[in-house]
Each structure stands twice: as structure tokens, then as C-alpha cells.
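Welcome! Let's walk through this protein together, one question at a time.

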Amino acid sequence: MRRRPARRRAGWRRWPGRHGDRAALDNPAGQGNGDVVTSAEALTYLSTLQPFGYKPGLESTRRLAALVGDPQESLHSIQVAGANGEGSTCAMLDAIYRASGRRVGLYTSPHLVRFNERIRVQGDSIPDEALARIVERVRDAATGATPPLVPTFFEFVTVVALLWFAESRVDLVVWETGLGGRMDATNIVTPLAAVVTQVGLDHMNVLGPTIGHIASEKAGIFKPGVPALTSATDPDALAILEYKARELGAPFLHVGPSAVEHFRFELPLLGEHQRANGALAAATVRMLRFLLPVSDEQMAAGFASVRWPGRLQVLRRGAQTVLVDGAHNRDGVACLKAALERHFPGRPPVLVLGMLADKEWDRMVRELVPVASRVITVPVSSQRAVSAADLRTACLSSGVTRPVRAVDSLAEGLRACAADPFVVVTGSLYLVGEALECLGEARPMPGQRGLNEWSPPGTALPGSRVP
């Protein structure tokens with residue numbers, strides 16, 4: 001029989017709760033008031049929530065969760081935040097706990113190709129039927145509230161995930177925060193452990209202009225008495241994270257260079273930075289062994305089985321090697337450059353480059369161009385994309401002489417380097433998802449990558465509005 005950890009006194013309520021009961025969560029027919037929608041209709045409805053962009057705060061998510069029975073109260077969770085490495089760390093934790101015989105839910109974003117990737121149980125994406133049914137239920141709960149509730153896309157999807165995980169009776173959920181931490185919709189959970197990976201400059205227009213501001217937002221996932229772990233190396237970030245943990249009386253563990261040096265498990269993921277993520281995941285598992293026993297053998301099996309597409313992923317196309325990597329900020333670019341030097345020494349690639357305008361794209365270009373033999377700039381399928389022409393101008397202005405060509409699409413860019421032995425596709429996770437489709441690694445899902453769109457506070461996607 002699978003062993004479940006005992007609930008802590010703080011942070012858990014017995015069912016039935018004051019907003020609903022467990023039977024409501026387990027009702028396979030859902031609680032919708034209308035006809036069950038199709039998965040296509042569900043995705044269309046989710047797309048209507050995008051114009052409301054990103055709205056920091058937990059009140060709306062808490063209210064929506066309460067309307068459907070507070071499913072987070074029945075779930076054991078680990079929460080992970082960070083600027084880089086949080087997705088990989090989540091994938092490792094998911095693999096380890098599944099290798100230990102537990103039933104595990106995994107919540108990540110953005111998706112690469114298909115929306116359902118965001119919500120997984122035992123590695124399987126939420127089925128279309130379940131997605132349609134639960135979207136209908138949450139939609140009806142929101143519109144039937146007094147006054148009606150208008151959640152953002154991410155708030156809504158987080159509650160959909162909560163319901164699926166509760167319905168699936170998972171033993172554990174591994175949550176990747178969407179943006180920041182303190183005001184992220186996932187922060188309505190009270191986790192068994194709160195984990196922060198590397199803290200770097202990303203989303204400064206939302207999280208703040210300095211490492212200190214961003215670290216403070218990431219530390220917002222720390223909870224009183226809940227173990228807090230980090231692999232952050234920036235001194236300012238580390239100081240703030242430790243201070244926040246002590247302020248809350250949370251046991252604090254810094255997983256530093258020594259732990260990385262002594263990390264002995266085999267990982268199928270490329271890049272030295274993945275060893276740091278692995279050391280952090282291993283430390284989290286060891287920290288929670290009194291609640292969730294895992295042997296070293298099970299941990300080794302988990303690490304050996306971990307898969308995380310689109311991050312230094314090597315694809316072979318005959319004699320050609322294609323490396324796809326979602327290096328979407330300066331720290332990600334540094335990891336990519338280090339991996340090229342370590343795993344592909346003396347092989348300057350053709351760089352197929354596409355980026356988003358809300359990143360430090362001009363600085364990222366200057367750091368990437370020197371490693372390439374030549375550069376092909378492409379548009380990203382996003383309303384936030386930098387044009388291929390502007391990327392080309394930035395490449396030519398970088399001070400490094402490399403042939404640079406701007407093309408109208410990623411497909412055209414890949415055709416332009418089809419005869420080259422080594423190609424790197426990078427700059428955005430959105431671009432990586434499109435590359436996996438173009439290269440035949442994923443079945444094309446028209447329109448679904450567009451569900452990754454969002455707008456920061458005070459802005460709107462073209463043709464939309466922000467309340």
C-alpha cells in the first residue's frame with residue numbers, strides 16, 4: 001500500500017471544508033450548469049482570458065478555488081520558483097517521486113507545443129475530455145459567483161490543475177510558479193517544501209529592477225515553518241532569501257557549490273547547470289524523507305529517467321545535429337554557451353535566433369553571436385516578438401563579424417541551414433516549441449502555442465484590453 005505523509009496541523013483542513021466537500025471534487029460529471037464543452041471550445045474559452053494579462057495578487061485565485069471546494073487543501077505539494085532551472089528541478093522531483101512508487105502531479109509553464117503539457121499526472125498530460133469538463137466547471141463557478149469573478153488566464157488554469165490533481169488522487173504535486181512567487185497564483189498552496197533555484201534578471205518590468213527585488217518576490221513562496229531551500233549563488237539574492245526564511249521561522253538550506261561538487265547521480269540532461277538543479281532536487285528529497293521516504297536507489301532511478309524537452313535537447317537529422325534550447329534570459333544564454341564549450345568544443349554552430357521584446361534581447365544577442373559561424377534571425381510566433389530584421393541589425397551592431405541573414409519564418413530558417421552539420425535554435429521557449437514541430441519531434445497543434453501569450457500590468461496585447 002502506498003504510504004501517504006501525515007498532515008501537519010498548520011495549513012490543512014479536514015473535508016468537508018466550509019466552501020465545499022470532497023464528494024464535489026470527486027464528481028466525474030463536474031458541476032457545470034450547461035452542456036459539457038469540447039476540448040476545442042475549452043481552449044477557445046481560455047484564449048478569451050488572455051487579454052486580461054498578468055494581474056499580481058492571490059485574492060482572485062483564492063476566491064475561485066473556494067468556489068470549487070478548495071482542492072488545494074487535499075493536496076501535498078512542493079513549490080518551486082526561480083528565474084532559471086525551476087522547470088528542470090520540477091521535472092527531476094517529479095521523476096524521483098514517481099520512481100519511488102508515488103502518484104505525482106506536475107504543473108509547469110509555458111507549454112512548448114500543446115496546452116495540456118502544463119498539467120500532468122504520472123507524466124501524462126491532462127486528457128482532452130477532462131480538460132473540457134473541468135474548464136466548464138470552473139467557468140460556471142466564476143460566472144455564477146456574486147459578483148461574477150473574472151480571473152486571469154493563469155489564475156483560471158491553476159484552479160483547473162488543482163481540480164485535476166485532486167480528482168486524480170495524487171500523492172504529491174510539484175508546482176512551478178508562473179511568474180515571481182509572492183503574488184503568483186500557485187502561491188495559494190501550503191507546500192511541504194518551498195524551493196528557489198537561481199535568481200537572475202528576468203521580467204524586471206513586473207518583478208523589479210534589481211536582483212534584490214526579484215529575490216524578494218521569489219522568497220514570497222516561503223511559508224512559516226515550511227523548509228526553504230535554494231541554490232541561488234548571487235550574494236544579494238542569497239542574503240534576502242535567508243533573511244525571509246528566518247523571518248518566517250522556516251528551516252533554511254543553501255545548496256551551494258560544495259553540494260554540486262558532491263552530486264554523484266547520473267543525469268541525461270546536458271549542461272553543468274543541471275548538476276546544480278540536481279543537487280537542489282536531491283537536497284529537497286532528503287529534507288522530506290521523514291514525510292516521503294525515498295531511497296538512494298529510487299533517487300538514482302528518478303534522475304536517470306528525467307526528461308525535459310527543449311532545454312539543451314539534441315536532435316539528430318541524418319548527419320546533422322540540431323541543439324534546441326530555450327535560453328530566454330542572460331543566465332540561460334550563459335548556460336548555453338558553457339554547454340557548447342563543454343559538449344561541442346571547436347564546433348561553432350549556425351545560430352537560428354528568435355527572441356521576445358520584453359527580454360534583454362539586445363544584450364543576449366551580443367553574448368550569443370560570437371559563438372556562431374553564422375546567424376539566421378527568425379520571428380517568434382508571438383505578439384511580443386522582436387522582428388527578424390531588428391535582430392539582424394542587433395547582430396550586425398554587436399562588433400563581431402558574422403554573416404547574418406533575416407528570414408520570414410522558422411521553417412525558412414531551418415531550410416537555409418539544412419546542409420550545415422551543427423545548428424543551434426535558441427532565444428525563446430516559444431521558438432523551441434515551434435522548432436520541435438518543424439523538426440518532426442511533435443505533432444503540430446495549430447493555435448495552442450498562442451495560449452502562452454500574456455501582458456504585464458499596464459499593457460495589453462494588440463487588439464485587446466486590460467481592465
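Buried means under 20% relative accessible area, exposed over 50%, and partly exposed in between, with a 1.4 Å probe and protein chains only. The model is predicted, so local features need pLDDT of at least 70 and side-chain atom pairs count only at pLDDT 80 or more, while totals for chains, interfaces and linings use all residues. Residues are numbered from 1 along each chain as its sequence is written, and side-chain values use heavy atoms, with hydrogens and water left out.

Q: What percentage of the residues in the protein chain is buried?
A: The protein chain has 467 residues. Its secondary structure comes to 17 helices and 14 strands, which are DSSP runs (helices H or I, at least four residues; strands E, at least two) numbered from the N terminus. The buried share of the chain is 56%.

Q: Which element gives the largest share of the largest nonpolar core?
A: A nonpolar core is a set of buried Ala, Val, Leu, Ile, Met, Phe, Trp, Tyr and Cys residues joined through side-chain atoms within 4.5 Å. The largest one has 43 residues, and Leu 46, Ile 119 and Phe 165 touch the most other members. Elements giving two or more residues include α2 (39–48), β3 (119–121) and α6 (153–167). With 12 residues, the largest share comes from α6.

Q: Which strands stand at the edges of the open sheet of 8 strands?
A: Two strands pair if DSSP finds at least two bridges between them. The order in this sheet is β4-β3-β2-β5-β1-β6-β7-β8, with mixed pairing. Two strands each have a single partner strand, so one side of each is left without a neighbour in the sheet: β4 (124–125) and β8 (252–254).

Q: Which residue in β5 stands opposite Ile 78?
A: Strand β1 covers residues 77–81, and 4 bridges join it to β5. The two strands run parallel. Opposite Ile 78 in β5 stands Val 174.

Q: Which residue in β12 is the bridge partner of Leu 351?
A: In a regular strand the side chains alternate between the two faces of the sheet. Strand β11 (residues 350–353) is covered on both faces, with Val 350 and Val 352 buried on one side and Leu 351 and Leu 353 buried on the other. β11 pairs with strand β12 (residues 374–377) in the parallel sense over 4 bridges. In β12, the partner of Leu 351 is Val 375.
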